[in-house]
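Reader: Hi! Could you walk me through the packing in this one? I'd like to start with helices and then look at whatever else stands out.

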Amino acid sequence: MKSIKIVLVIVASVFGAFHATAQERSIQEIHSMMVYNFMKYVNWPPASNSGDFVIGVLGESKVHETLNKWYGTKSKGSQKIVIKKFSSTEEIVDCHVLYIGKSKSGGFDEVQSKLAGKSTLVITDRSGMGKKGSGINFKTVNGKLKFELNQEAISSANLKVSSQLTGMAILI
């Protein structure tokens with residue numbers, strides 16, 4: 001009887017450790033999942049619905065790798081999803097979504113100029129970037145990851161966001 005209890009304790013410990021590890025994700029993985037899920041709640045103008053659906057990543061190699069690994073073979077409607085990595089603002093070409101990591105947020109003004117008039121959802125991860133003009137900006141509030149939604153930036157990009165996404169956001 002005692003040996004059965006010991007085995008059960010060991011099994012419970014192993015399962016618990018496995019379960020805890022499976023629940024822990026890096027911030028890059030969480031950002032990647034959220035970027036992908038944001039796409040489901042945003043509508044691009046009809047002119048953007050042909051060719052590949054391009055997600056660009058400026059900086060953050062781990063976000064690029066995760067997006068490519070998890071979503072690089074998926075589609076958005078009839079469009080094949082293509083994940084592109086940009087090392088500098090000069091490399092940025094047309095994309096539907098552009099994720100700018102903290103390390104590259106210093107070039108935000110240049111990115112904003114380059115994307116002016118284009119239907120690109122810009123997603124950032126640095127305090128103050130939402131107010132500066134990012135469409136969506138990740139923010140930690142009371143130890144929890146949240147996101148800001150800049151409605152003016154979204155409108156300027158000729159994008160429409162569902163009320164479901166708006167309802168979850170911190171509106172700017």
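Author: Happy to; we'll go through a helix pair, the nonpolar cores and two backbone details, keeping in mind that this is a predicted model.

Reader: Great. At what angle do α2 and α3 pack, and how far apart are their axes?

Author: The angle is about 55°, and the axes are 9 Å apart. Here α2 covers residues 27–39 and α3 covers residues 61–71.

Reader: What do you call that orientation of α2 and α3?

Author: Oblique, because 55° is neither under 35 degrees nor within 65 to 115. The crossing of these two helices is right-handed.

Reader: Which residues make the contact?

Author: From α2 you have Q28, E29, S32, M33, V35 and Y36. On the α3 side they are K62, V63, T66, L67, W70 and Y71.

Reader: How does that contact split by class?

Author: Seven of the residues are nonpolar, three are polar and two are charged.

Reader: Nice. Switching to the largest nonpolar core: which residues touch the most other members?

Author: Those are I55, V97, L121 and I123, in a core of 27 residues.

Reader: And which elements each supply at least two residues of it?

Author: Two helices, α2 and α3, are on that list, along with the strands β2 (53–58), β4 (79–86), β5 (97–100), β6 (121–124), β7 (136–141) and β8 (144–149). The largest share comes from α2, with four residues.

Reader: Let's zoom in on L121. What does it touch, leaving out residues up to four places away in sequence?

Author: L121 touches V42, W44, H96, V97, L98, G135, I136, I154 and L159.

Reader: What about a second core, and which residues does it include?

Author: There is a separate one of twelve residues, with V54, L58, C95 and L98 among them.

Reader: Okay, backbone time. Which residue in the loop between β7 and β8 should I look at?

Author: Try N142, which sits in that loop. N142 has a positive phi of about 50°, although it is not a glycine.

Reader: Is N142 buried or exposed?

Author: Exposed, because its relative accessible area is 79%, and the cut-off for exposed is over 50%.

Reader: Where is N158, and what is its phi?

Author: N158 lies in the loop between α6 (151–156) and β9 (160–161). Its phi is positive as well, about 60°, and N158 is not a glycine either.

Reader: How does N158 count for accessibility?

Author: N158 counts as partly exposed, because its relative accessibility is 46%.

Definitions and conventions:
Residues numbered from 1 in each chain as written. Predicted model: local features only at pLDDT ≥ 70, side-chain atom pairs only at ≥ 80, totals over all residues. Heavy atoms only, no water. Axes fitted to C-alpha atoms, helices over the stretch in contact; angles between N-to-C directions. Parallel < 35°, antiparallel > 145°, perpendicular 65-115°, else oblique. Left-handed = near helix turned anticlockwise from the far one by under 90°. Contact = heavy atoms within 4.5 Å. Nonpolar A, V, L, I, M, F, W, Y, C, P; charged D, E, K, R; others polar. Core = buried A, V, L, I, M, F, W, Y, C linked by side-chain atoms within 4.5 Å. Buried < 20%, exposed > 50% of the residue type's maximum accessible area, 1.4 Å probe, protein only.
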